[in-house]
Amino acid sequence: MMTKPRTQFVSFLLFLTANAFAQQKDYPIQPVAFTKVHVHDNFWAPKMEVNANVTIPYVLAQCKANGRIDNFLRAGKSLEGDKLSEFPFDDTDVYKAIEGASYSIQNKKNPELEGYIDSLITIIGAAQEPDGYLYTFRTVHAKKPHEWIGSKRWEKEEILSHELYNAGHLYEAAVAHHQATGKKTLLNIAIKNADLLVKTFGPGKIEAYPGHQIVEIGLSRMYRVTANKQYLDLAKFFLDVRGPKGDPYNQAHKKVIDQKEAVGHAVRAAYMYTGMADIAALTGDSKYLAAIDDIWGNVVNKKLYITGGIGATGAGEAFGEDYQLPNMSAYADTCAALGNVYWNERMFLLHGDSKYIDVLERTLYNGLLSGVSLSGDKFFYPNPLASMFQHQRSSWIRCACCISNMTRFLPSLPGYVYAQNKDDLYINLFVGSTSKIKLTSTPVEIIQRTNYPWEGAIGMTVNPEKATNFTIRIRIPGWAAQEASPGSLYTFLNKKSSQVSLSINGKLSSFRTENGYAVLTRKWKKGDQLTLTLPMETDKVIANNNVKDDVSRFVLERGPIVYCLEGPDNKDSLVQNIVIDKNAAGIANYDPDLLNGVGTIQIQGKSTKRKLNSDSLLTSDLAVKAIPYYAWANRGPSEMTVWIPYEQSAARPTPAPTIASTSRVSASLKNKRMFSAIKDQYEPGDSKDTNFPYLHWWPAVNTSEYIQYDFDREHTVSESKVYWYDDGPWGGCRVPGSYKLFYKKGNSWLPVKPTTPYEISKDKFNLITFEPVQTTALRMEIQLPLEHSAGVHEWAVK
Ligand SMILES: [Zn+2]
């Protein structure tokens, strides 16, 4: 740990320097602020409108209804009692809603919302303790304090209290609010809080790191606004004090500069890498840069979903092993997608390479946007890439991080369209918009007109105030230039048949590319017309062979959009049984009436069905329709898949007509959506395989439960085999304590007479034979283990 004391003189000098040359060192490239870009396209503008009109008011109302605003009222003593909401990080949902509202009122004036935000800020100010401490879960002084918060301030910060996490979101909100409205009300609250952190943490003071990162990003933002270098130093301290003896779960297993791979909780990780990029930019620290360059390489080569999602596993909401990218059980939570956008934007600002915007764009249009319903009031936490009815967006989630993150991100989108480096203007995203940008030599208005992402033509009008020499750098997306994604994880199955073209004032223009940008240096004058045409074709993308979940499968893409097959668009609402030939041609259409207007892809495929007593499959021709992944799950629970099998071996055929598959399932469970899992004829890889549907009783323990097949008619049966679900040692399910089979005779249930012993083991079918019985129903009674629950992958009967 760093304990070297610093003299008053040095810090005084540093302070002077910081004030005199504020922001001298920062990202070489600067984003063009969201306040300068007015979006008016057909894709993002309506989504931002739904965010402003539905999501923000809805989330603010939920914050009220779920006690989050009362937490502040109680901390400020204007509400009696010590009742608090559920999680010590609940304060952040209010901050994030304020952040989103701030961007939003900048995009479109809304005096009513602005007034409400002002009133919330007053409530937050009253909840702040005199020395600047702001954390309602402690200030309320509940008789029974939350077990995560410890008896003293910061005591449990490295593990559970989230005191610094709350501070980080406060700073993000305060800076956004200040930039959007010019007001200092929330900023002053944040400054008071940050000054307390400066007094409390650092070499020779409390030397602890935040359990959940984000305060680093927040402090860098505060430094930029206030020029107080102590904030920057503290942000760096919080990074340097991490590791090497902590937990990989929160990236404290090594010093941050020694980390080379993305591990642990994906949101914490992405926020940390973002924070490190900020410090690398603000201090010029090359070790930080080297570390995040390596980690970025690890992600794009081994740990990135085709949707741009990160964090493969629900265990610890974490990055998986290299190439571990399961689809149905993909975690890829919305917060992690957002963190991935933040991080990649920073990487671009450091390096000026378009590959980072390629990852950002992939995430933005797919794994991030899927987090919210078209209606704006239903949300995904995990964003899976395959489903068999078990997934659905929720109207509210107790841990609401993903909801409030979605709320704050969408209205900030205009801030990602452009960036500049003095007289170099970067065009990163293709979004119909009007912007006013101050280059070193001249202010310039730039207008984009496009039907992106459905069409590849982007028209731009460049209006410099006076005719001036400067450079426009237009991003040529990797997907438009034969590269599916940076790194070796994804490649195109096909080559593009057409190429990128660019014309200036109607004349086709040759251009040189640098770091993935078309570089156009010339004397620009008012009314200059630029037209970029990107080859918008139906692409097929395959994954690196090491990704076992994607073997013999491809993804349909068109431009930046990842497509999926969903039940409502396909025969019998089934998609898992579909196989599509590698060479089948997809035909793209735009359907204005589907899902608020989306591109679709029609393609010829086959449906597959199992046969009895044979490994070969029954197939029949099928017209298949794909929709954008982000728009799935807006029509109720359904089957869905992103990765489409091109070989029958990878298909999940419709079950053969067995006794089990034609039976009606019942069980001691309310969630009927799990019932069909036990008769779908998918044999899992092992008992903990969550990539296949299964039925479970979690969180029940030590109870007696049942599953039951009512046959389509009377059958003679003498054999049962069951495959248990068991996600030990981390999960809550184990093989059961015991189980017994009963058959129906008249109105009573009689035990079968086994001819082999009841066996209970995991990772295989447990077969039992019994004396033949003629019956219409079979029931399995299952005794759950003493301290665990249990579940069933598959139950077959003969
Ligand atoms: Zn989240």
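**Figure 1. Helices α2 and α3 cross in this predicted model**. Let's start with two helices that meet: the axes of α2 (residues 44-65) and α3 (residues 68-75) come within 4 Å of each other. They cross at roughly 55 degrees, so α2 counts as oblique to α3. On the α2 side, the contact is made by Leu60, Cys63 and Lys64. Helix α3 contributes Arg68, Ile69, Asp70 and Leu73.

**Figure 2. Three cysteines hold the zinc ion**. Here you can pick out the protein donors of the zinc ion, which are the SG atoms of Cys335, Cys401 and Cys402. These donors lie 2.2 to 2.3 Å from the zinc ion. Along the chain, their spacing reads C-x65-C-C. Is Cys401 buried or exposed? With a relative accessible area of 10%, Cys401 is buried, because buried means under 20%. Cys402 counts as buried too, at 2% relative accessibility.

**Figure 3. Six strands form an open sheet**. Follow the strands across the sheet and you will meet them in the order β1-β4-β5-β9-β14-β13. The pairing in this sheet is mixed. Which strands sit at the edges? They are β1 (30-31) and β13 (512-514), each of which pairs on one side only.

**Figure 4. Strands β9 and β14 pair, with helix α14 lying across them**. Zooming in on part of the sheet, β9 (residues 468-475) and β14 (residues 517-524) pair in the antiparallel sense. Eight bridges link these two strands. To find your place in the ladder, look for Thr468, whose bridge partner in β14 is Trp524. Helix α14 (residues 354-368) lies across both strands and runs at about 50 degrees to β9.

**Figure 5. A salt bridge joins Lys183 and Glu114**. Side chains of opposite charge can pair when their charged atoms come close. In this view, the closest N and O atoms of Lys183 and Glu114 are 3.0 Å apart. Lys183 lies in the loop between α7 (163-181) and α8 (185-200), while Glu114 belongs to helix α5 (residues 111-127), so the pair ties together parts that are 69 residues apart in sequence. Lys183 counts as partly exposed, at 25% relative accessibility.

**Figure 6. Lys302 and Asp322 link a helix to a loop**. The side chains of Lys302 and Asp322 meet in a salt bridge, with an N to O distance of 3.9 Å. Lys302 is in helix α12 (residues 286-303), and Asp322 is in the loop between α12 and α13 (334-351), so this pair ties together parts that are 20 residues apart in sequence. How exposed are the two partners? Lys302 is partly exposed, with a relative accessible area of 26%, and Asp322 is partly exposed as well, with 29%.

**Figure 7. Asp528 pairs with Arg522, and other charged residues form a network**. Asp528 and Arg522 bring their side chains together in a salt bridge, 3.0 Å from N to O. Asp528 counts as buried at 1% relative accessibility, whereas Arg522 is partly exposed at 26%. Asp26, Arg224, Asp278 and Arg346 are joined into one network by salt bridges that share partners. If you would like to hunt for others, the count for the model comes to 41 salt bridges.

Methods:
Residues are numbered from 1 along each chain as its sequence is written. This is a predicted model: local features need pLDDT of at least 70, side-chain atom pairs count only at pLDDT 80 or more; totals for chains, interfaces and linings use all residues. Side-chain values use heavy atoms; hydrogens and water are left out. A salt bridge is a side-chain nitrogen of Lys or Arg within 4 Å of a carboxyl oxygen of Asp or Glu. Buried means under 20% relative accessible area, exposed over 50%, partly exposed in between (1.4 Å probe, protein chains only). Two strands pair if DSSP finds at least two bridges between them. Contact means heavy atoms within 4.5 Å. Axes are lines fitted to C-alpha atoms, for helices over the stretch in contact, and angles run from 0 to 180 degrees between N-to-C directions. Donors are N, O and S atoms within 2.8 Å of the metal (3.2 Å for Na, K and Ca); water is not among the atoms, so sites may look incomplete. Angles under 35 degrees count as roughly parallel, over 145 as roughly antiparallel, 65 to 115 as roughly perpendicular and the rest as oblique.
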